[in-house]
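Subject: Handover of a two-chain structure

Dear colleague,

Please find the structure below, together with its sequence. I would be grateful if you could read the notes after it with the structure open.

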Amino acid sequence: MIRFENVNKWYGEYHALVDITETIGKGEVVVVCGPSGSGKSTLIRTINRLEPIESGRIVVDGKDANSTELDINQFRAGIGFVFQQFNLFPHLTALENCTLAPRNLSGLDAAAARELALKLLDRVGLSEKANAYPAALSGGQQQRVAIARALAMQPPVMLFDEPTSALDPEMVGEVLMVMRDLARDGMTMICVTHEMGFAREVADRVLFMDSGRILERATPDDFFNRPQHARAQQFLSDIRTPFR
Amino acid sequence: MGMIEVIQTYWVYFLIGQFPDGPLGGLTLTIVLAAGGLLLAFPLGFALAIARMSPWRTLSWPVTGVVYVVRGTPLLMVLFWAYFFLPSITGQKISQFSTMLGALVLFNAAYLSEIFRAGVQALPTGQFEAARSLGLSYFAALRLVVMPQVMRNMLPSLVNQFVSTIKDTSLGYIIGLSEVSFIASQINNLVLTKPTEIYLVLALAYFILCFGLSRFAFWIEQSHVRSHLSGGERSKMPRPVKRTLTEQT
């Protein structure tokens with residue numbers, strides 16, 4: 001479904017992604033974790049070309065993300081992206097946030113787009129907030145609307161860039177639950193997250209990154225109980241016992 | 001001649017000048033000039049702002065230069081140039097109205113481009129990224145996501161600019177344009193005995209217009225805040241309280 005072939009990315013002198021080669025299968029749920037600055041966000045942002053790459057290839061569903069002939073807008077419509085900061089459109093209601101893309105890209109009429117959006121909002125448990133503006137919603141609710149919005153073009157792949165990092169602790173659960181349900185429905189998902197509970201329960205695989213490299217690829221069980229790489233062992237020990 | 005009598009005699013002249021027997025003037029001309037000077041400046045202002053933000057230096061640098069020159073020049077000087085200098089080199093006389101309108105459009109475009117640029121740059125980049133991630137094109141993202149928010153954020157600055165423009169039209173007096181200040185001085189010349197009262201009425205006319213506009217903008221902003229916090233049901237929300245600086249800290 002998603003294939004990285006020797007992908008390299010630089011920010012000026014800084015080598016942000018180093019020879020990334022990895023394949024993510026259809027229906028697979030992959031959690032990407034690693035210390036801050038390790039290149040996790042950069043990695044998933046290259047998939048829908050929010051970040052260009054300097055060398056290598058990224059292929060999604062048979063399409064080269066960086067090909068010059070690619071219809072980038074159509075390509076992006078097939079990849080749902082959820083941001084750390086939600087990035088809901090504040091001038092639109094929850095419903096309008098979800099109808100914006102279908103109305104302007106799929107040419108859905110108002111009624112059909114509304115019906116679709118209500119179904120999606122219902123799926124994230126927020127149909128009663130359809131007419132609320134983002135400013136009137138809690139962080140957790142905003143992120144759930146953002147997930148519904150990302151689903152509106154019915155993409156086969158969803159990317160999550162630290163979706164719960166900007167949330168108050170009591171709101172993390174509601175967002176993770178929506179993500180878990182999506183995974184159970186067979187969605188192909190790549191989640192950059194530090195929620196180890198989510199990784200354990202939902203992920204098929206964990207990728208551990210440091211300094212722009214994927215250092216470890218393992219099942220959640222192996223990763224948490226038998227980490228191989230020294231940096232992974234250090235990382236897990238740091239998040240488990242912050243006080244020493 | 002009492003003040004009441006002066007007003008009774010000259011109020012129509014004050015409002016519309018010699019119209020319909022002569023050109024439109026007075027307070028109406030002032031408003032027409034200010035509104036026209038601002039509205040016509042919009043496309044030019046947008047174009048200047050987009051050029052200034054463009055990654056191509058051959059475009060952005062000269063435009064930045066033009067904006068700085070216009071902003072660093074008094075409107076009065078531009079008026080003199082347009083009214084005395086342009087005809088002497090082109091050999092064509094331009095009407096006072098066109099001169100004034102042209103100067104206002106040029107001036108407002110420079111200021112609007114800065115207001116617009118600030119509005120776009122104040123918007124978090126995540127808004128544009130989110131729009132593009134959904135599959136919207138560059139221009140669709142601008143039109144559907146960036147512009148509506150920028151316009152809303154620009155509203156207070158736009159009203160300020162409109163208020164400034166209304167006051168700037170009084171410079172038309174210098175080139176003999178029959179806007180409201182010119183008309184007021186004409187009335188004063190006819191009446192002779194009531195300069196204080198006549199210029200007080202003039203001041204009041206400017207004040208009511210400008211203050212009314214400011215209040216109108218404030219009202220729009222507040223009703224906007226209320227509707228966005230309420231989930232579409234306005235009535236449940238308390239009125240937003242006015243904040244002073246100390247309360248915010």
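The notes below take up chain B, then the aromatic rings, the salt bridges and two places in chain A. Please bear in mind that this is a predicted model.

**Chain B as a whole**

Chain B holds 11 helices and zero strands. Its C-alpha atoms fill a box of roughly 70 × 55 × 35 Å along the principal axes. Of the 249 residues in chain B, 43% are buried. Among the contacts in chain B between residues at least 6 apart in sequence, 68% join residues at least 24 apart. The exposed area of chain B is about 14,000 Å², and carbon and sulfur atoms supply 67% of it.

A nonpolar patch of about 950 Å² lies on the surface of chain B. The residues that make it are Met77(B), Phe80(B), Trp81(B), Phe84(B), Phe85(B), Leu86(B), Ile89(B), Ile94(B), Tyr173(B) and Ile174(B). One of them, Phe80(B), belongs to helix α5 of chain B, residues 75-90. Phe80(B) is partly exposed, because its relative accessible area of 33% falls between the limits of 20% for buried and 50% for exposed.

**Aromatic rings**

Over all chains, the structure contains 15 aromatic pairs. One of these is formed by Phe208(A) and Phe235(A), whose ring centres are 5.3 Å apart and whose planes meet at 50 degrees, a tilted arrangement. This pair links distant parts of the chain, with Phe208(A) in strand β9 (residues 205-210) and Phe235(A) in helix α9 (residues 230-240) of chain A, 27 residues apart. Phe208(A) counts as buried at 0% relative accessibility, and Phe235(A) also counts as buried, at 7%.

A pair in chain B has another geometry: the rings of Phe207(B) and Phe211(B) have their centres 5.3 Å apart and their planes at 10 degrees, so the pair is stacked. Phe207(B) and Phe211(B) are four residues apart in helix α10 (residues 195-229) of chain B, and therefore about one helical turn separates them. Phe211(B) is partly exposed, with a relative accessible area of 44%.

Ring pairs also join Phe208(A), Phe223(A), Phe224(A) and Phe235(A) into a cluster. Arg200(A) lies over the face of one member, Phe224(A), at 4.6 Å from the ring centre.

In chain B, the charged end of Arg52(B) sits over the ring of Tyr68(B), 5.3 Å from its centre. Arg52(B) is part of helix α3 (residues 41-53) of chain B and counts as buried at 14% relative accessibility. Beyond its neighbours within four places in sequence, Arg52(B) has contacts that include Ser60(B), Val63(B), Tyr68(B), Glu114(B) and Arg117(B).

**Salt bridges**

Side chains of opposite charge can pair when their charged atoms come close. There are 19 salt bridges in the structure over all chains.

- Glu22(A) and Arg217(A) form a salt bridge with their closest N and O atoms 2.4 Å apart. The pair links distant parts of the chain, from strand β2 (residues 14-24) to strand β10 (residues 213-218) of chain A, 195 residues apart. Glu22(A) is buried at 6% relative accessibility, whereas Arg217(A) is partly exposed at 41%.
- Glu129(B) and Arg45(A) form a salt bridge in which the closest N and O atoms are 2.6 Å apart. This pair crosses between chains, from helix α7 (residues 125-133) of chain B to helix α1 (residues 40-47) of chain A. Both Glu129(B) and Arg45(A) are buried.
- Arg3(A), Glu5(A), Arg57(A) and Asp64(A) are joined into one network by salt bridges that share partners. Within it, the closest N and O atoms of Arg3(A) and Glu5(A) are 2.8 Å apart. Arg3(A) is partly exposed at 34% relative accessibility, and Glu5(A) is partly exposed at 25%.

**Two places in chain A**

Helix α3 of chain A (residues 94-105) has buried residues that include Leu95(A), Asn97(A), Cys98(A), Leu100(A) and Pro102(A). The buried residues of this helix pack against α4 (110-123) and α5 (139-151) of chain A, together with α8 (138-168) of chain B. Gly107(A) follows the helix and has a positive phi, near 65 degrees.

Gln233(A) lies in helix α9 of chain A and counts as partly exposed at 37% relative accessibility. Leaving out residues up to four places away in sequence, Gln233(A) touches Pro227(A) and Gln228(A).

With kind regards

How values were computed:
Residues numbered from 1 in each chain as written. Chains lettered and ligands numbered in written order. Predicted model: local features only at pLDDT ≥ 70, side-chain atom pairs only at ≥ 80, totals over all residues. Heavy atoms only, no water. Patch = residues over 30% accessible without salt bridge, like charges linked within 9 Å, V, L, I, M, F, W, Y side chains within 5 Å. Areas by Shrake-Rupley, 256 points an atom, 1.4 Å probe, with all protein chains shown as cover. Salt bridge = Lys/Arg side-chain N within 4 Å of Asp/Glu carboxyl O. Buried < 20%, exposed > 50% of the residue type's maximum accessible area, 1.4 Å probe, protein only. Phe/Tyr/Trp six-rings, centres within 6.5 Å; stacked < 30°, edge-to-face > 60°. Lys NZ or Arg CZ within 6 Å of the ring centre and 35° of its normal. Contact = heavy atoms within 4.5 Å.
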